[in-house]
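Student: Got a minute to go through a model with me? I'd like to talk about how the chain packs.

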Amino acid sequence: MSTSPADTGTTGVLEGVPLLDHHCHGVTTADLDRSDFESLLTESDWPAPEGTTHLDSQVGFAVRRHCAPVLDLAPFATADQYLRRRCDLGGKDVSERLLRASGMSDLFIETGHRADEILDPVGMAAASGARVFEIVRLERLAEELVGSGCGPADFRAAYDRLLDDRLRTAVGVKSIAAYRVGLDVVTERPDPARVDEAVAAWRADVAGGAPVRLADATIIGHLLWAAVDRGCAIQFHIGYGDADVDLHRCNPLLLTEFLRASRVSGARVFLLHCYPFHREAGYLAHVFPHVYLDVGLAINYTGSRSDEVIAESLELAPFHKLLFSSDAFGAAELFYLGALLFRRGLDRALATFADRDGWPASECRRVAEMVAWRNARRAYRLDDARVAPAAAAATSGPLSDGPR
Ligand SMILES: [Zn+2]
């Protein structure tokens, strides 16, 4: 990290602690113009209104405050100065600088979103110096099958084979049910005959010219229960995200029946992002033994307020159920800020608890290590001998001393 404890008002409790990002995506190495850059720093799919900028926001101010010095600029360089410097250095150099300065030891990369625009896991390992593991998006697998002509007679068997094949190397799966159908409809294991009917209807739509986009609750339920049957690590998008999400259908409490039904399956459920439902998610992690959460994404977008969001995530959730993620996509700034703001916020939260109730420094350090990497390694069973990184940088560095 280029930011020392002294200049962020922190205690240094996370000094030297590895950081495992259990949900992120690749970055672009393109030279970004102003509108490309702004579109990567907002969840809106609209340009800012005439005469305004998306950078007048918590994340925009955080970029100017914290990322500008990584590009050799003064803190709070103007947006134009920052973009000019970004172009002068080139997208590849900027991405490598920010990724390496983030000091992540391990990245779990979800590969199912706009994969043609960003670095793949091998490219991310080379650019970041981190070990990289893959997370597979379930809906994408089904779309690959139906897009290549798979019909109702062989869909379920073909999906089983494809999922098993991908799980030979991936450490977990992700569902975007929240985006496509809402979390209130994935409760029960669907009847196979109804799955076949739904696949037939989807195939007919695609044959009629519709895009290959899975938005059927029965099929998505089938994909999820196949993952439960395999005892997978299953990530769920929860809470806010792009403009096509219906936020009122993304409350994790809507998963309560699913969580009850999957409790003894061996599957582990990771509630991603969660904002503004991170307290509901904390409750679920509290009562269900197989439920975990993070407040990634929200950390970047709440910027100077992320300390409070992180502290709130440490209310009901047991400390062995909290994980770190950045949910960075596209702009390497989001990796750097995700790591910096998380370290700072966790440090400050623990310092507050120490101040109020005398938490010993050794206990603060133990909790910090759990949240930063130990919980993820245990919950994803990375110490299982079968699990190896999908990619790792050829260079040795601090990462070879990272979490095991
Ligand atoms: Zn994501």
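What follows is a chat about confidence, strands, the core, a helix and some backbone oddities.

Tutor: Sure, and keep in mind that this is a predicted model.

Student: OK, what's the mean pLDDT of the chain?

Tutor: The mean is 93, and 95% of the residues reach 70 or more. Over residues 394–404, though, the pLDDT is below 50. That stretch has 15 contacts in the model beyond near neighbours in sequence.

Student: On to strands. How many residues of S3 are buried?

Tutor: Seven of the seven in S3 (residues 131–137), so the strand is largely enclosed by the rest of the structure.

Student: And which ones point which way?

Tutor: Arg 131, Phe 133, Ile 135 and Arg 137 point one way from S3, while Val 132, Glu 134 and Val 136 point the other way. That's the usual pattern, because side chains in a regular strand alternate between the two faces of the sheet. Here both sets are buried, charged residues included in the list.

Student: Which strands does S3 pair with?

Tutor: One is S2 (residues 106–110), parallel to S3 over five bridges, with Phe 108 partnered by Phe 133. S4 (residues 172–175) is also parallel to S3, through three bridges, and there Arg 137 has Lys 174 as its partner. S8 (residues 391–392) runs antiparallel to S3 with two bridges, and Val 132 is bridged to Ala 391.

Student: What connects S2 and S3?

Tutor: Helix H5 (residues 121–128); together they make a right-handed β-α-β unit.

Student: Back to Val 132. What is it in contact with, leaving aside neighbours within four places in sequence?

Tutor: Leu 107, Ile 109, Pro 121, Met 124 and Ala 125, plus Pro 389, Ala 390, Ala 391 and Ala 392. Val 132 is also among the residues with the most contacts inside the largest nonpolar core, along with Phe 236, Leu 271 and Phe 335. That core has 124 residues, and helix H15 (residues 333–357) gives the most to it, with eleven.

Student: Where does S6 fit in? Which strands does it pair with?

Tutor: S6 (residues 268–273) pairs in parallel with S5 (residues 233–238) over six bridges, with Ile 234 opposite Val 269. S6 is also parallel to S7 (residues 291–293), through three bridges, where Phe 270 stands opposite Tyr 292. Two right-handed β-α-β units involve S6: S5, helix H11 (residues 256–262) and S6 make one, and S6, H12 and S7 make another. As for burial, six of the six residues of S6 are buried.

Student: New topic: which residues of H14 are buried?

Tutor: In H14 (residues 306–313), they're Ser 306, Asp 307, Val 309, Ile 310 and Ser 313. They sit on the same side of the helix, because they cover an arc of only 165 degrees around its axis. They pack against helix H12 (278–287), helix H13 (298–302) and H15.

Student: Last thing: where's the cis peptide bond?

Tutor: Between Tyr 275 and Pro 276, with omega about 0 degrees. Pro 276 lies in the loop between S6 and H12.

Student: What about Asp 72 and Phe 76, what's phi there?

Tutor: Asp 72 has a positive phi of about 70 degrees, and phi of Phe 76 is near 65 degrees. Most residues other than glycine have a negative phi. Asp 72 is in the loop between helix H2 (58–67) and helix H3 (79–89), and Phe 76 is placed in the loop between H2 and H3 too.

Student: Buried or exposed, those two?

Tutor: Exposed: Asp 72 has 10 C-beta neighbours inside 10 Å, and Phe 76 has 12 other C-beta atoms within 10 Å.

Technical notes
Residues are numbered from 1 along each chain as its sequence is written. This is a predicted model: local features need pLDDT of at least 70, side-chain atom pairs count only at pLDDT 80 or more; totals for chains, interfaces and linings use all residues. A nonpolar core is a set of buried Ala, Val, Leu, Ile, Met, Phe, Trp, Tyr and Cys residues joined through C-beta atoms within 7 Å. A residue is buried if 20 or more other C-beta atoms lie within 10 Å of its own, exposed if 12 or fewer, and partly exposed in between; C-beta atoms are placed from the backbone. Helices (H or I, at least four residues) and strands (E, at least two) are DSSP runs, numbered from the N terminus. Two residues are in contact if their C-beta atoms, placed from the backbone, lie within 7 Å. The arc is that of the directions from the helix axis to the C-beta atoms. pLDDT is the predictor's confidence in each residue, from 0 to 100. Two strands pair if DSSP finds at least two bridges between them. A crossover is right-handed if, with the strands pointing away from the viewer, the path from the first strand over the helix to the second runs clockwise.
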